[in-house]
Amino acid sequence: MEEWADREPKQMRKPRMGFKTAFALSIKNLYSKKTRTILTSVAGSIGIIGVALVLALSNGFNAYMARMQTETLSTYPLTISESSVDLSSFTDIYDEEVKDKYPELDNVLVETAFDNLTGMLENNDLSDTSENGFLHYLSEADPSLYYDIAYDYGFDMNDYFYTNIKTRAGEDEEWNDDYFISIDMLVKQVEELYNDQLQAAMGLNTSFVRQYIPTIQEMPDSKELIEEQYDVLYGEMPSFEPEDYNQMVLVVDQYNGISDISLALLGYLGITLPEKVDSASDVTFEDIDSIPIEDIVGKKVYFANNALMYNQLYPGYFFLNEVTAETEGLEELEIVGIIRAKENVSGILSTGFAYTPALTEHAIAVNAESEIVQASKQTSTITVYSGIDTSTVPPTPTVYETLTTRQLAGVSTPSTISIYARDFTCKEQIKAYIDQWNEKPEVAKDENLQITYSDMMSMMFGMLNTMVDAVTYVLVAFTSISLVVSSVMIGIITYISVVERTKEIGVLRALGAAKGEIANVFNAETFLIGLFAGVIGVGVTYLLSIPINLILASLIPDVGSLAVLNPFAALILVLISIALTLIAGLIPSSIAAKKDPVVALRTE
């Protein structure tokens with residue numbers, strides 16, 4: 001007896017309902033009312049579906065624009081020019097001039113319009129070829145970031161191309177197959193024919209015509225880039241070696257076609273050039289539907305240098321020479337192949353004829369010491385005359401055109417640099433590399449040494465991205481309203497569940513469950529409903545993306561998948577669904593936790 005008396009009374013453990021038990025009770029209750037649970041989850045998922053579809057379309061469209069940026073990197077390279085207009089500074093200039101709108105008329109303010117315009121002009125020093133200059137710095141950029149760095153020297157190679165052109169003066173005239181002329185000269189003739197009509201119609205000059213007449217173009221100095229984008233249909237690809245500067249190619253479109261103008265410029269098609277045009281259709285082309293490829297590959301074009309084209313009859317007076325097929329010193333250029341852009345590839349070259357940069361280097365080398373280039377360096381420009389006008393007294397030279405040293409292929413430093421990045425990420429790294437040049441202490445102190453570049457593609461796609469983001473925000477805001485509505489509905493359904501389970505709450509409280517544990521039962525229930533709604537919403541969105549992409553693909557060729565929900569965004573939406581339902585269930589669960597167990601037990 002004494003042994004029992006010495007023992008301490010055993011303390012009773014307070015009853016406790018863990019979260020696991022609460023979770024199990026919630027699952028049991030939801031399963032017992034599975035039809036209502038499914039309908040509630042589906043109703044709650046409607047808002048998630050709306051937001052998810054908007055995000056999927058936004059993500060897919062941004063991915064599509066990213067693909068377009070990568071595909072058009074060759075069309076819109078990063079460019080650096082001796083003189084350029086910094087369009088990105090336009091907004092900054094006017095943002096700095098914050099003024100009150102509609103002030104009282106005390107004074108008329110003077111706007112600094114000229115300073116604003118000239119402030120947008122940028123000059124880059126591309127003449128320094130030393131190791132301390134930017135050209136050397138750019139040449140040391142990581143070659144794995146770009147396909148090619150192309151240099152434009154500011155002259156038109158078409159001035160130096162000559163070939164036999166088939167022409168006639170009218171529909172009833174015979175074709176002249178032996179009209180040996182430069183391509184540039186023929187373009188000038190077409191311009192002059194339409195000059196009066198353009199002036200009368202739109203106030204345009206003949207330079208407008210030149211923009212739309214396809215002449216011979218230069219390829220980037222990257223055989224890898226051309227082979228990656230183009231297939232050789234016939235013949236071979238130029239070697240791009242300096243000694244093979246005389247190799248050219250014909251670029252055809254996806255239908256193996258090429259414009260009649262390009263073919264006429266090289267004598268494949270006859271072109272009717274009347275002395276005067278009365279209508280736009282007066283200049284016509286020979287009626288030929290196709291040309292055998294054997295007649296194109298192997299075709300010869302001729303290159304004439306300054307010494308052959310310009311003759312100094314008197315000191316300072318240069319006259320345009322008549323270059324014929326028999327002129328000594330002409331160099332043969334040969335079309336060695338026909339190429340076409342690969343399927344679904346936006347090629348870097350326009351349809352027409354193209355030559356390698358080796359020919360440009362050759363033109364600069366052979367023209368550097370010509371008389372006309374040396375003379376132009378003394379006066380900065382040279383006037384070229386086409387002959388003597390004997391109708392005046394005394395006879396006067398007839399002006400043909402005025403040319404600068406650059407236009408005469410007399411400057412060996414570039415006027416424009418085009419950088420063809422391998423992809424969008426590489427382009428950003430190249431821009432960062434150029435920015436590092438501007439951050440050098442000696443460059444940062446001298447504005448004349450700083451380099452500005454033009455990224456037209458980023459500017460265009462940046463505007464598109466801004467528009468897409470704005471539309472996305474608006475649509476998400478509207479579709480989020482349904483999320484709020486569904487959350488209120490879930491809160492109401494949870495409250496109904498509380499009312500239905502009042503007696504169960506009383507029993508649990510009588511068995512020792514704390515208020516917080518009762519709240520956990522209903523919090524677990526709303527958690528599960530939110531989880532089900534989020535998973536259903538994301539799953540339905542992925543399923544709906546399939547027909548949406550099929551429909552869009554049928555409407556927009558080569559667009560790919562435009563409805564693509566990012567997995568991370570899907571996870572965030574599920575978490576948002578859970579969070580909203582938990583918030584919606586806070587009030588009902590709080591009501592359940594505060595119920596008096598005695599009153600709850602008496603509830604029928």
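A surface patch, as the word is used here, is made of residues with over 30% relative accessible area and no salt bridge, and nonpolar side chains are joined within 5 Å. In this predicted model, one nonpolar patch on the surface is formed by Phe568, Leu571, Ile572, Leu575 and Ile576. Together these residues have about 460 Å² of accessible area. Ile572 belongs to helix H20, which covers residues 567–584. Its relative accessible area is 34%, and because partly exposed residues lie between the limits of 20% and 50%, Ile572 counts as partly exposed.

Next come the sheets. One of them is open and has 3 strands in the order E1-E19-E4, with antiparallel pairing. Strands E1 (78–81) and E4 (146–152) stand at the edges; each has a single partner strand, so one side of each lacks a neighbour in the sheet. Neighbouring strands here are turned by 15° against each other on average, direction ignored. E1 and strand E19 (residues 416–421) run antiparallel and are joined by 4 bridges. Within E19, Ser418 stands opposite Thr79. Helix H15 (residues 424–438) lies across E1, E4 and E19, and runs at about 140° to E19.

Another open sheet has 4 strands in the order E13-E14-E17-E18, and its pairing is mixed. The edges are strand E13 (310–314) and strand E18 (396–404), each left with one side free of a neighbour in the sheet because each has a single partner strand. The average turn between neighbouring strands of this sheet is 45°, direction ignored. Strand E17 (residues 381–389) pairs with E18 in the antiparallel sense over 8 bridges. Tyr385 has Val399 in E18 as its bridge partner. Across E13, strand E14 (317–320) and E17 lies helix H14 (residues 371–379), running at about 120° to E17.

Notes. Residues numbered from 1 in each chain as written. Predicted model: local features only at pLDDT ≥ 70, side-chain atom pairs only at ≥ 80, totals over all residues. Heavy atoms only, no water. Patch = residues over 30% accessible without salt bridge, like charges linked within 9 Å, V, L, I, M, F, W, Y side chains within 5 Å. Areas by Shrake-Rupley, 256 points an atom, 1.4 Å probe, with all protein chains shown as cover. Salt bridge = Lys/Arg side-chain N within 4 Å of Asp/Glu carboxyl O. Helix = DSSP H or I, 4+ residues; strand = E, 2+ residues; numbered from the N terminus. Buried < 20%, exposed > 50% of the residue type's maximum accessible area, 1.4 Å probe, protein only. Pairing = 2+ DSSP bridges. Axes fitted to C-alpha atoms, helices over the stretch in contact; angles between N-to-C directions. Contact = heavy atoms within 4.5 Å.
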